[in-house]
Amino acid sequence: MIPLLGMNPSELRAIAVEAGLRPFAADQMARRLYKLRATSIEEMTELPKAARERLMERYCVGRSGPKADARSVDGTVKYLFEGAGGMDVEAVYIPDRDRATLCVSSQAGCRMGCRFCMTGRQGLHGSLSAAAILNQILSIPESETLTNLVFMGMGEPMDNIVEVLRALDALTAPWGLAMSPRRITVSTVGVNPSGVEKLIKDTQVHIALSLHSPYASQRGELMPAERAWPGAEVLRFIAAGDDFSRQRRLSVEYIMWDGVNSDMRAATALARLLKGLHCRVNLIRFHSIPGSDLRPCPVARMEEFRDRLNDMGITATIRASRGEDIMAACGMLAGNNRDKSGEE
Ligand code: SF4
């Protein structure tokens, strides 16, 4: 069955005509899919019954609820969804005062191989369709209360850029969910220059670059993607594509490890690298993962590091850690392959 979720009005129009409907039926279908959040074609009662039956021979909406969930003491909820290539994916709901954020996955597994990430250890099992990306957002019980989305779950969004852009279109277009792009952040390690370019030019979402080290050699050891496209070049490329001086935000993600990238020399090097760019730094606490010798940096040093960056004119904050007890924090997502994650 082909899912309708993720389709734009012109694609829906072709399907409507194929089912013997007038082209304007596509607008009714889009309204049902995105505004009324239909879970089945049967709910599209504006369409004649015979046409709905014809549609159901080939198409479905593409909605399916989570297969399982895990709840943290801090209110974070991790949901397991049908993924791709036999591997399920996780989405993490993070309530925080007046915000409710969903961390969305774009791939089942990931081939970027970052040393600090459990998803990376799984390798890539498959990329998610726009329908499977949108389904995570629409099918959690808290869907209607979501205020923010971050594409920071499993997978590298630039490695699945076509489907990620289709999902972003459906999320932000007036015919879709009409969500403000300022409520959406897409994260990348910086592979695929044409994908990054499309993200900059074709959308207005915030962009987060996973940098994690100001030194090319060190970043290369932590993140093989550095060898394909150095982080410093990615930064310059993104900064040249938009000035990020108004409401659109460029953030630099920086996980802190003890004895690796957390001394004051690294803070100074990072501040120099970011000098003159309109960006801010999110300092992220590392959560130890099985089979890794990387250790979390003490909180006091993170604060010192943040203060050094702020003193050097770079806005930096320490991101609160959420959902560690349910393996939902940054770098801990592993879908249904958890048991394989510590074996390397
Ligand atoms: S950190 Fe992101 S890009 Fe790197 S392996 Fe994990 S999911 Fe992939």
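**Exercise 1. Which elements cover the buried residues of α5?**

Solution. What covers the buried residues of α5 includes the strands β1 (2-3), β4 (77-84) and β5 (87-96), together with helix α6 (161-172). The model is a predicted one. Next, take the helix itself: α5 spans residues 130-138, and 8 of its 9 residues are buried, so that the helix is mostly covered. Finally, list the buried residues: A130, A131, A132, I133, L134, N135, Q136 and L138.

**Exercise 2. State how the protein chain is divided into domains, and describe the contact between them.**

Solution. Start with the bounds: domain 1 covers 2-60 and domain 2 covers 68-340. The C-alpha centres of the two domains lie 34 Å apart. Then turn to the contacts, where 8 residues of domain 1 meet 13 residues of domain 2. On the side of domain 1 that touches domain 2, the residues divide into 5 nonpolar, 2 polar and 1 charged.

**Exercise 3. Which residues have the most contacts inside the largest nonpolar core?**

Solution. The largest nonpolar core has 104 residues, and M29 and M256 are those with the most contacts inside it. Both domains take part in this core, as domain 1 (2-60) and domain 2 (68-340) each supply at least three residues. For M29, set aside the neighbours within four places in sequence; the residues in contact with M29 are then L4, L12, A16 and M44.

**Exercise 4. A178 has a positive phi although it is not a glycine. Find its place in the chain, and decide: is A178 buried or exposed?**

Solution. The phi of A178 is about 55 degrees. A178 is found in the loop between α6 and β10 (184-188). Now count neighbours: A178 has 12 C-beta neighbours inside 10 Å, and a residue with 12 or fewer is exposed, so A178 counts as exposed.

**Exercise 5. Treat H212, another residue with a positive phi that is not a glycine, in the same steps.**

Solution. H212 has a phi of about 70 degrees. The loop that holds H212 runs between β11 (206-210) and α8 (216-222). The neighbour count for H212 is 26 other C-beta atoms within 10 Å; the cut-off for a buried residue is 20 or more, and therefore H212 is buried.

**Exercise 6. Which residues surround the ligand, and how do they divide by type?**

Solution. First list the shell: C110, M112, G113, C114, C117, T119, G120, M154, G155, E156 and V189 surround the ligand. Then sort these residues, which gives 6 nonpolar, 4 polar and 1 charged.

Technical notes:
Residues numbered from 1 in each chain as written. Predicted model: local features only at pLDDT ≥ 70, side-chain atom pairs only at ≥ 80, totals over all residues. Near = placed C-beta within 6 Å. Nonpolar A, V, L, I, M, F, W, Y, C, P; charged D, E, K, R; others polar. Domains from an automatic or database assignment. Contact = placed C-beta atoms within 7 Å. Helix = DSSP H or I, 4+ residues; strand = E, 2+ residues; numbered from the N terminus. Core = buried A, V, L, I, M, F, W, Y, C linked by C-beta atoms within 7 Å.
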